[in-house]
Amino acid sequence: MGWLLACALGATCAWLIARYVAPSAKLAEICRALASGTRLPSFVARGAPPIRRAIRDLETVAHQFRDRAEKLDATTFNLRTILTGMDEGIMVIDRHFQIQLTNRALEQMFDLPSSPVGRTILEALRNHEIQLAARETILHGADIEREITLLRDAAPSAPARSLTLHASPLEDGAGNVRGAVVVLHDISRIKWMEESRKEFVSNTSHELRTPLAIFNGYLETLIENPDSTSSEARPILLTLQRHSNRLTELVEDLLTLSNLESGTLRLSARPIDLAELITRAIADIRMTPQAADRVFRTEFEGVLPRVEADPARVEQILYNLLDNAARYSKTPTPITVRARVAKAEPFVECAVIDEGSGIPASDLPRIFERFYRVEKARSRTGGGTGLGLSIAKHLVAAHGGTISAESELGKGTAIRFTLRRAATPHPDGPAG
């Protein structure tokens, strides 16, 4: 009889374990998986009806939670990808002006060594204008647009950058402003291009105004004196011819520069003898009034290899540099043209060196700009169009070379440029 009671008790315990204890363990396993975010194991829900329902409900919640988490991860990834690829600096702030989110462009824009998240705008960016714009957006719940100037503390001598700022309020479901999104766009290059355009128009107008005014004055003289003798009219006609030539030269230089900057100028490159081109350019410059009495020297280090270049354009580079040296240095100081194999292979370096008045260090970086003249050291009375160095710079760049200037006041200037060596060996005969 006792053994029957023991069997019944054992069966009852087994039934209770199967109906309640084991399902409870599965229920606990589901809860732990749900709390940790791990994927649920696959099993069949057993046990009492309330426990089975609880297990099924928790499984449904767990699957929904996982699906939403995966969608959130995908959305977050896409958002970060978009923010990373944007050129504009993006910043999200809360009502206390603490930064909640930024992208890489903003961190680079302000040279931030680490992420600014968690700090205020003033602490991270040290810019009062951005703080005021964000404050106005949050307080009034309105979009703000303005232009600000950004100065770099790390490099005070660096030029200031111009930024456009757009701030929009962030609202919750009830319409309460909870923060703001600030978008910053660097327009420094656009500003620089606009200023360059204005300067170009102003300089071109100035260059054209003088000869046209002379034309007008002398033509009025001829009209008012129709009975002038040939000896009286000849000086006037020669003056008109000189300024006509100057206008023609200016227009040709402007067209050349326009073609170079637009990329429409095509080079006819081939292996050429640089030494021969230097000799030819010196012979041409000697025929001009500004260089007729100048002393020119050439210094070639060994046998120069051929360069891969357009001979007409290289001759134009040399002529412009020699013309510039002749105009702004005085006799009897010589003008030297040096050429050698450059240290940086595979290039040949050429330098045009004068012993003239030199260029101040502050003006040196700008001498390759269109129409730029160093007023203190170089007067407009020297002639020229003011475009020679700019054209030379663009022609050298079109050949894949580099150009630079070295100068010291009272001691002269050296303009150096490089051209790529030709792949063919140097022949015995002349070329170019």
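This note goes through the predicted model point by point, from the whole chain to single residues.

1. Overall make-up. The model is a prediction, and its local features are drawn from residues with pLDDT of at least 70. The chain holds 10 helices and 12 strands. It runs to 432 residues, and 37% of them count as buried. Take the contacts between residues at least 6 apart in sequence: 60% of these join residues at least 24 apart.

2. Second largest pocket, size and centre. The volume of this pocket is about 490 Å³. The lining has 19 residues, and those closest to the centre of the pocket are W192, S196, E261, E369 and R370.

3. Second largest pocket, who lines it. Two elements, α6 (188-224) and α10 (388-398), give two or more residues to the lining. The biggest share comes from α6, with 10 residues. By class, the lining of this pocket has 10 charged residues, 5 nonpolar and 4 polar.

4. Packing of α7 on α10. Two packed helices are described by the angle between their axes and the distance between the axes. For helix α7 (residues 230-262) and α10, the axes come within 10 Å and cross at roughly 30°. The crossing of α7 and α10 is left-handed. On the α7 side, the contact is made by D253, T256, L257, L260 and E261. On the α10 side, S390, I391, H394 and L395 take part. The contact of α7 with α10 divides into 4 nonpolar, 3 polar and 2 charged residues.

5. A link between points 2 and 4. E261 belongs to the α7 side of the contact with α10. E261 is also among the residues closest to the centre of the second largest pocket. Helix α10 appears in both places too: it packs on α7, and it gives two or more residues to the pocket lining.

6. The cavity. The count comes to 1 cavity of 30 Å³ or more. The largest cavity has a volume of about 50 Å³. Its lining is made of L321, N324, A325, V352, D354, T413, A414 and I415. One helix and two strands are worth checking here: α9 (311-327), β10 (347-354) and β12 (412-420) each supply at least two of the lining residues. By class, the lining of the largest cavity has 5 nonpolar, 2 polar and 1 charged.

7. D323. This residue is found in helix α9, which also supplies at least two residues to the lining of the largest cavity. Is D323 buried or exposed? D323 counts as buried because its relative accessible area is 12%, and the cut-off for buried is under 20%. Beyond its neighbours within four places in sequence, D323 is in contact with I285 and Q290. D323 and A291 are 32 residues apart in sequence, yet their C-alpha atoms are 7.6 Å apart.

8. E308. Strand β8 (residues 307-309) contains E308. E308 counts as partly exposed because its relative accessibility is 31%, which falls between the cut-offs of 20% and 50%. Leaving aside neighbours within four places in sequence, the contacts of E308 are A269, R270, P271, H399, R420, R421 and A422. The C-alpha atoms of E308 and I272 are 6.4 Å apart, with their positions 36 residues apart in sequence.

Conventions. Residues numbered from 1 in each chain as written. Predicted model: local features only at pLDDT ≥ 70, side-chain atom pairs only at ≥ 80, totals over all residues. Heavy atoms only, no water. Buried < 20%, exposed > 50% of the residue type's maximum accessible area, 1.4 Å probe, protein only. Contact = heavy atoms within 4.5 Å. 1 Å grid on protein atoms, 1.4 Å probe; cavity = no way out; pocket = protein on both sides within 12 Å on 5 of 7 lines; lining within 4 Å. Points joined across faces, edges and corners; volume = space filled by probe spheres on them. Nonpolar A, V, L, I, M, F, W, Y, C, P; charged D, E, K, R; others polar. Axes fitted to C-alpha atoms, helices over the stretch in contact; angles between N-to-C directions. Left-handed = near helix turned anticlockwise from the far one by under 90°.
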